[in-house]
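Okay, thanks for squeezing me in, everyone. Let me put the thing up on the screen and then talk you through it.

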Amino acid sequence: MSPTDRKISFIAASTLLLSSLEYLIPKPLPFLRLGLANLPLLLILQSIDYPSYFFILLLKAIGQGMVSGTLFSYLFLISLAGTMSSGYAMKLLKSLLKERVSLIGISVVGAFVSNLSQLQVASWIVYGPAIWVAAPLMLGLGMITSIILGVFGERYLRHGSFPAAFLADSFEPVLPTAEERAPLVERTVALIIAIGAILFAKGPIPLLGIAVLMYVIQGISGRKIRLFPPLMLLSSLIVLSLFEPNGQVIVTVGTLALTKGSIALALTKGLRLIALLSASQSLVSSNPRLKGRLGSLLVLALSYFGILTSCFRTAKGSLPQRIDGALFCAAEGSLQVSANNQQERSSSALIIITAILVVGISIASRVWG
Amino acid sequence: MKIPSSLVGDLVIILLCAAAVGFFVFALGQNTGSGYVSVQTADGVYRYSLKNDRSVTVTGPLGDTIIEIRGGKARIVDSACPNKTCTFQSPIDRSGSFIACLPNHVLLTVVGPMPEEIDDVAY
């Protein structure tokens, strides 16, 4: 591993630490984000070259997908589009305006481009054009949070002790010695087939059955099951379906009406996405391996992330102090963690049987649907 | 604290983005409640967005009435009425305009967002 690769992975890992910290902050809206994870990007913007920057952006998106478990669902495309487009917009702006713009302006542009591209991709793959209803709210809130982030970034750049060390050419994080987790190939294959079956299935009732089975698999895989995000997703789809009536009117809400066809459409879309998200969660925990430079960078970034999280837990002081402390502690390699490598073959068999059931329901939904 | 040289750049960016947000608010205000066609039949009320092209079959006492939505307009393609007057009506897209298949108890009415046009309903 070259020093550059180590640096790339370490910076990517620091974005992961910040996005998981962000995850702990309760949010009233599912789309609302402070964008803490963009802080390291803002700090390195000036000093990093384009190829390294590209890998950092990619690792940030993939790493977040692995930590949140959305990597193998189409929600990942939304976050990938946001990360890449805003990343490049920020870098471009900095190289164009140089000293005539501060981190505040860059952060605002980053948030704006990120929100716009996320809305566009979300409208293409899940929500349809109705999602643009949310544009003013998302963009407006994004401006506020990005100004706050920019101010914080400027202050941290001046007063934090880590950025100075971080930006120096001599900065070289210690290579972690964490063990890698072995990939569970048969689980990966079973889950990829199950994803095909989820995409193939038709109608809300079969998809409900499939979603339940996917949660069973997720439970067996040992990933935490959350009910709030999927319920949020379903209700947002149902609300948006009000704007596109289709079929017999069930109830009217003011000038809008809940219609049978659009409800069925929203449920089908929502349940398919929920099943897919759950499959993605299980797939992440089967430790699939990426090949090539990106693969080894990802493994390195994830182990740095593991160390950073442990360091953060032991660090003391205010939040910026703890982040500073965690970064130093991980870069100096003063703490080593080992991945817990416990796997049971029997649970793989259970997962494969459940995946076969999913395929069965999917085929049945097409035959009798 | 001295005024940083980047202040102008930041302000321009913030103003441009705020203007863009303002544009989205304005565009949203122009586009409240997309137009739909309301279909009243013997067995209930149906609603279809005019945005999506589709063909819909509803059933009345005499049989099926086939409605077609295409290019933001709705018309009746075929109906089980004896004289089929409704199939000869030109497609409707203005708020308040309607097509009725009286024998088969089917009434098509457009609701929002295009303003009413008196010529369309003058008979």
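I'll go through some helices in chain A, then a few single residues, and end with chain B.

One thing up front: this is a predicted model, so please listen to everything with that in mind.

Let's begin with helix H3 of chain A, residues 50-68. There are 19 residues in H3(A), and at 1.5 Å a residue they should span 27 Å; the end C-alpha atoms are in fact 27 Å apart, so that agrees. How many of the 19 residues of H3(A) are buried? It's 14, so H3(A) is largely enclosed by the rest of the structure. Right after H3(A) comes Gly69(A), with a positive phi near 85°.

Keep going along the chain and you get to Ser73(A), sitting in the loop between H3 and helix H4, which is 75-97. Is Ser73(A) buried or exposed? It has 6% relative accessibility, so it counts as buried. Leaving out residues up to four places away in sequence, Ser73(A) touches Leu276(A), Leu277(A) and Ser280(A).

Now the helix pairs. As a reminder, two packed helices are described by the angle between their axes and the distance between the axes. H4(A) packs with helix H5, residues 103-127 of chain A, at an angle of about 150°, and the axes are 8 Å apart. Anything over 145 degrees counts as roughly antiparallel, so that is what we call H4(A) and H5(A). Their crossing is right-handed. On the H4(A) side, the residues making the contact include Leu77(A), Ile78(A), Ala81(A), Gly82(A), Ser85(A) and Ser86(A). Across from them on H5(A) you have, among others, Gly105(A), Ile106(A), Val109(A), Gly110(A), Val113(A) and Ser114(A). Look at the numbering there and remember that an α-helix has 3.6 residues a turn, so residues three or four places apart point the same way. By class, the contact of H4(A) with H5(A) comes out as 13 nonpolar residues, eight polar and one charged.

The second pair is helix H1, residues 3-24 of chain A, with H12(A). Here the angle is about 50° and the axes are 7 Å apart. That makes H1(A) oblique to H12(A). This crossing is right-handed too. From H1(A), the contact takes in Asp5(A), Ile8(A), Ala12(A), Leu16(A) and Leu17(A), among others. From H12(A), the contact includes Arg293(A), Leu297(A), Leu300(A), Tyr304(A) and Phe305(A). The tally for H1(A) with H12(A) is 15 nonpolar, four polar and three charged residues.

Let me stay on Arg293(A) for a second, which is found in helix H12, residues 292-314. At 40% relative accessibility, Arg293(A) counts as partly exposed. Beyond residues up to four places away in sequence, Arg293(A) touches Asp5(A), Ile8(A) and Phe55(A). If you want a sense of scale, Arg293(A) and Ser146(A) are 147 residues apart in sequence and 32 Å apart in space, C-alpha to C-alpha.

Quick stop at helix H8 of chain A, residues 185-200. Its 16 residues should span 22 Å at 1.5 Å a residue, and the end C-alpha atoms are 23 Å apart, which agrees. The buried residues of H8(A) include Arg187(A), Thr188(A), Ala190(A) and Leu191(A).

Next, Ala257(A), in strand E2 of chain A, residues 256-259. With 1% relative accessibility, Ala257(A) counts as buried. What does Ala257(A) touch, not counting residues up to four places away in sequence? There's Leu242(A), Val249(A), Val251(A) and Thr252(A), plus Arg47(B) from chain B.

And that takes us over to chain B. Its secondary structure comes to one helix and seven strands, in the order α-β-β-β-β-β-β-β along the sequence. Chain B has 123 residues, of which 37% count as buried.

Two loop residues to flag here. Lys84(B) has a positive phi, near 55°, in a residue other than glycine, and sits in the loop between strands E5 (73-79) and E6 (98-101). Lys84(B) is partly exposed, at 31% relative accessibility. His105(B) also has a positive phi, about 55°, although it is not a glycine. You'll find His105(B) in the loop between E6 and strand E7, 106-111, and at 51% relative accessibility His105(B) counts as exposed.

That's my lot, thanks.

Note on methods
Residues are numbered from 1 along each chain as its sequence is written. Chains are lettered from A and ligands numbered from 1 in the order in which they are written. This is a predicted model: local features need pLDDT of at least 70, side-chain atom pairs count only at pLDDT 80 or more; totals for chains, interfaces and linings use all residues. Side-chain values use heavy atoms; hydrogens and water are left out. Helices (H or I, at least four residues) and strands (E, at least two) are DSSP runs, numbered from the N terminus. The expected span of a helix is 1.5 Å times one less than its number of residues. Buried means under 20% relative accessible area, exposed over 50%, partly exposed in between (1.4 Å probe, protein chains only). Contact means heavy atoms within 4.5 Å. Axes are lines fitted to C-alpha atoms, for helices over the stretch in contact, and angles run from 0 to 180 degrees between N-to-C directions. Angles under 35 degrees count as roughly parallel, over 145 as roughly antiparallel, 65 to 115 as roughly perpendicular and the rest as oblique. A crossing is left-handed if the near helix is turned anticlockwise from the far one by less than a right angle, and right-handed if clockwise. Ala, Val, Leu, Ile, Met, Phe, Trp, Tyr, Cys and Pro count as nonpolar, Asp, Glu, Lys and Arg as charged, and the others, Gly among them, as polar.
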